[in-house]
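Trainee: I would like to learn how to read a protein structure, one feature at a time. Where do we begin?

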Amino acid sequence: TMSFAARLTSMLNAQATATAIGVASRTGLLRALSPEAKSAAVLAAEAGLSLRYVEEILAALVCGEVVSLADGADPRAYVLPLESQEALSGMGLYFEELPLLSQCAFDEVCAAAKTGDGVASSNYGPFGSWMGKLSDEKHERQLVQTFLPALEQGALVARLSAGARVMDLGCGHGVGGGGGGGRGGGRNNFRRAVRLSCHFPCAKKPPGGFGFVTIQHLFIQGNLAHAGTA
């Protein structure tokens, strides 16, 4: 069995790899990687990044066995296997979470552990924005393709396709509301409603008096009220 010291070393190596995946996700390098072998220069150009930094990130990803080196390629070329690409398309964004949480409140949590005080929610603004992005991507992948067809054995999709009354209701906070801590979350909700209407165009014009003419969104922030239609 692995000694505890060896396990700790393994954890540190995995942490370094996870951080590299998070950086690759945030910078767009993950989207540039593919099963097609590409040099670091090509990847840097496609992602709009500095070649020096791309080479450093790729080195960490190769060591972590996330990315492979193409056999016999000169200059060196990098490959993201199809299975890995598919997995990272759904999970890559999650690797931004812990670095972001540490950025937002690591020192504050350590201080609070001594004093017993709380950590102000204002520290987590960037994390709320990340949650909104995560929620958007999850809805893009799952809402129409997976979630809606699973409801009522597909009957809900049939009603939406024919034209049905729909209310998009969100508080503007948390994953369900799109994150973003207020205004951003509400607008994420509205964007998702607009996208939903594109999948079910009959909902825009009520057949036989049913359905809804427009998607309406009312968002209240402080003393401001904004209404939008699509």
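Mentor: We go from the overall make-up to helix packing, then to salt bridges and one residue. Keep in mind that this is a predicted model.

Trainee: How many helices and strands are there in the protein?

Mentor: The protein has nine helices and five strands. Of its 230 residues, 31% count as buried.

Trainee: What share of the contacts join residues at least 24 apart?

Mentor: Take the contacts between residues at least 6 apart in sequence; 53% of these join residues at least 24 apart.

Trainee: How do I read the packing of two helices? At what angle do the axes of α3 and α4 cross?

Mentor: Read the distance between the axes, the angle, the handedness and the residues that meet. Helix α3 covers residues 40-47 and helix α4 residues 51-63; their axes come within 9 Å and cross at roughly 115°. Angles of 65 to 115 degrees count as roughly perpendicular, so α3 and α4 are roughly perpendicular to each other. The crossing in which α3 passes α4 is right-handed.

Trainee: Which residues of α3 and α4 meet?

Mentor: From α3 come Ala40, Ala41, Leu43 and Ala44, and from α4 come Leu51, Val54, Glu55 and Leu58. By class, the contact of α3 with α4 has seven nonpolar residues, no polar ones and one charged.

Trainee: What is the angle between α1 and α4?

Mentor: These helices pack at about 135°, with their axes 9 Å apart. That makes α1 oblique to α4. The crossing of α1 and α4 is left-handed. On the α1 side, Thr17, Ala20, Ile21, Val23 and Ala24 take part, and they meet Ile57, Ala60 and Leu61 of α4. The contact of α1 with α4 holds seven nonpolar residues, one polar and no charged.

Trainee: Now to charged side chains. Why can side chains of opposite charge pair?

Mentor: Side chains of opposite charge can pair when their charged atoms come close. The cut-off used for a salt bridge is a nitrogen to oxygen distance within 4 Å. By this rule there are three salt bridges.

Trainee: Which residue forms a salt bridge with Arg26?

Mentor: The partner of Arg26 is Glu96, and their closest N and O atoms are 2.9 Å apart. This pair links distant parts of the chain, 70 residues apart: Arg26 lies in helix α1, and Glu96 in the loop between α5 and α6.

Trainee: Are Arg26 and Glu96 buried or exposed?

Mentor: Buried means under 20% relative accessible area, and exposed means over 50%. Glu96, at 4%, therefore counts as buried, whereas Arg26, at 48%, is partly exposed.

Trainee: What are the other salt bridges?

Mentor: Glu46 and Lys38 meet in one, at 2.9 Å from N to O. Lys38 counts as buried at 10% relative accessibility, while Glu46 is partly exposed at 46%. Another joins Glu152 to Arg159, with the closest N and O atoms 2.9 Å apart. Arg159 is partly exposed, with a relative accessible area of 40%.

Trainee: Let us end with a single residue. Where is Leu100 found, and what does Leu100 touch?

Mentor: Leu100 is in helix α6 and counts as buried, at 4% relative accessibility. Leaving out residues up to four places away in sequence, Leu100 touches Arg26, Pro126, Phe127 and Trp130. Leu100 and Gly22 are 78 residues apart in sequence, and their C-alpha atoms are 9.4 Å apart in space.

Terms used
Residues numbered from 1 in each chain as written. Predicted model: local features only at pLDDT ≥ 70, side-chain atom pairs only at ≥ 80, totals over all residues. Heavy atoms only, no water. Axes fitted to C-alpha atoms, helices over the stretch in contact; angles between N-to-C directions. Helix = DSSP H or I, 4+ residues; strand = E, 2+ residues; numbered from the N terminus. Parallel < 35°, antiparallel > 145°, perpendicular 65-115°, else oblique. Left-handed = near helix turned anticlockwise from the far one by under 90°. Contact = heavy atoms within 4.5 Å. Nonpolar A, V, L, I, M, F, W, Y, C, P; charged D, E, K, R; others polar. Salt bridge = Lys/Arg side-chain N within 4 Å of Asp/Glu carboxyl O. Buried < 20%, exposed > 50% of the residue type's maximum accessible area, 1.4 Å probe, protein only.
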